[in-house]
Amino acid sequence: MKLFLCSHFAKVGTLLKEDVVGKNVLFIPTASIHESYKGYVDEARAVWHNLNTHLIELEISTASLEDIQGAFDNADILYFTGGNTFFLIDQIRKTGVDKLIKQHVESGKLYVGESGGAIICADELSYIKPMDEVPSDFSQADYLGLNLIDFYVVPHYLCFPFEKCSQQIVDENPDLAIWVINNEQAILVEGDIKRELCISE
């Protein structure tokens, strides 16, 4: 299992370099679709293009199950943009995409999660409420995540405009295995090995 988790993909995506050239990237912007600012989505598209990958765009909240399954089958890399964590996990669980993610990641496909796309990898997501509002139409009975990692990502740590809420999350959860990353850092998970990467490397 290999995961690349970050706050701002446009700043750190080049760390993937040779690992992604020529690969098919399943580009899922679902978390961002109701956000007022979406500039990071276009920035991410540009980075993937510059990395010489082929994008397969998929909006899981509106796609058919057949299209979703086909897109996953044709992808080498799964990429989830940032946006609202709770909207994203709600759509993932409603559509059964949570099972597809686990199946394809366990088969060896690289999972790349940016901000909300990184947060959802934890087993439970209520810790991130100071940063992300739960939508009024959230349909799940709990805040369970994908349970792909044994820690809790706090992205955009002390970065504008998340300075206060990112520190609040850390302060309010002293017993959680929290891993903070700023916009120029990423976490690489390969099996049981976890390490932090920085764009200055």
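What radius of gyration does the protein have, and what value would a compact globule with 201 residues have?

**Figure 1. Overall view of the predicted model, with its secondary structure and overall dimensions.** The protein has a radius of gyration of 15 Å, which agrees with the value near 17 Å that a compact globule with 201 residues would have. Its C-alpha trace spans about 40 × 40 × 35 Å along the principal axes, and its secondary structure comes to seven helices and nine strands. Among contacts between residues at least 6 apart in sequence, 78% join residues that are at least 24 apart.

**Figure 2. Surface and charges of the protein.** Of the 201 residues, 50% count as buried, while the protein exposes about 9200 Å², of which carbon and sulfur atoms supply 47%. The protein carries 15 positive and 31 negative charges, and the mean positions of these two sets are 2 Å apart.

**Figure 3. Close-up of helix α3, residues 65-74, with its buried and exposed residues.** Ile68, Ala71 and Phe72 are buried in this helix, and because they cover an arc of only 100° around the axis, they lie on the same side of α3. An α-helix has 3.6 residues a turn, so residues three or four places apart point the same way. Glu66, Asp73 and Asn74, on the other side of α3, are exposed. The buried residues of α3 pack against the strands β2 (24-28), β3 (54-57) and β4 (77-80), and also against the helices α4 (85-95) and α5 (97-106).

**Figure 4. Close-up of Leu78 in strand β4 and the residues in contact with it.** Leu78 is buried, with a relative accessible area of 0%. Leaving aside neighbours within four places in sequence, Leu78 is in contact with Leu26, Phe72, Ile101, His104, Val105, Leu110, Tyr111 and Val112; of these, Phe72 is also one of the buried residues of α3. Leu144 lies 66 residues from Leu78 along the chain, and the C-alpha atoms of the two are separated by 20 Å.

**Figure 5. Close-up of Ser115 in the loop between β5 (110-114) and α6 (116-119).** Although Ser115 belongs to a loop, this residue counts as buried because its relative accessibility is 9%, and the cut-off for buried is under 20%. When residues up to four places away in sequence are not counted, Ser115 touches Cys6, Ser7, Gly82, Pro155 and His156.

Notes: Residues numbered from 1 in each chain as written. Predicted model: local features only at pLDDT ≥ 70, side-chain atom pairs only at ≥ 80, totals over all residues. Heavy atoms only, no water. Helix = DSSP H or I, 4+ residues; strand = E, 2+ residues; numbered from the N terminus. Rg over C-alpha atoms; globule rule 2.2 N^0.38 Å. Buried < 20%, exposed > 50% of the residue type's maximum accessible area, 1.4 Å probe, protein only. Contact = heavy atoms within 4.5 Å. Areas by Shrake-Rupley, 256 points an atom, 1.4 Å probe, with all protein chains shown as cover. Lys, Arg positive; Asp, Glu negative; His and termini not counted. Charge placed at Lys NZ, Arg CZ, Asp CG, Glu CD. Arc of directions from axis to C-beta.
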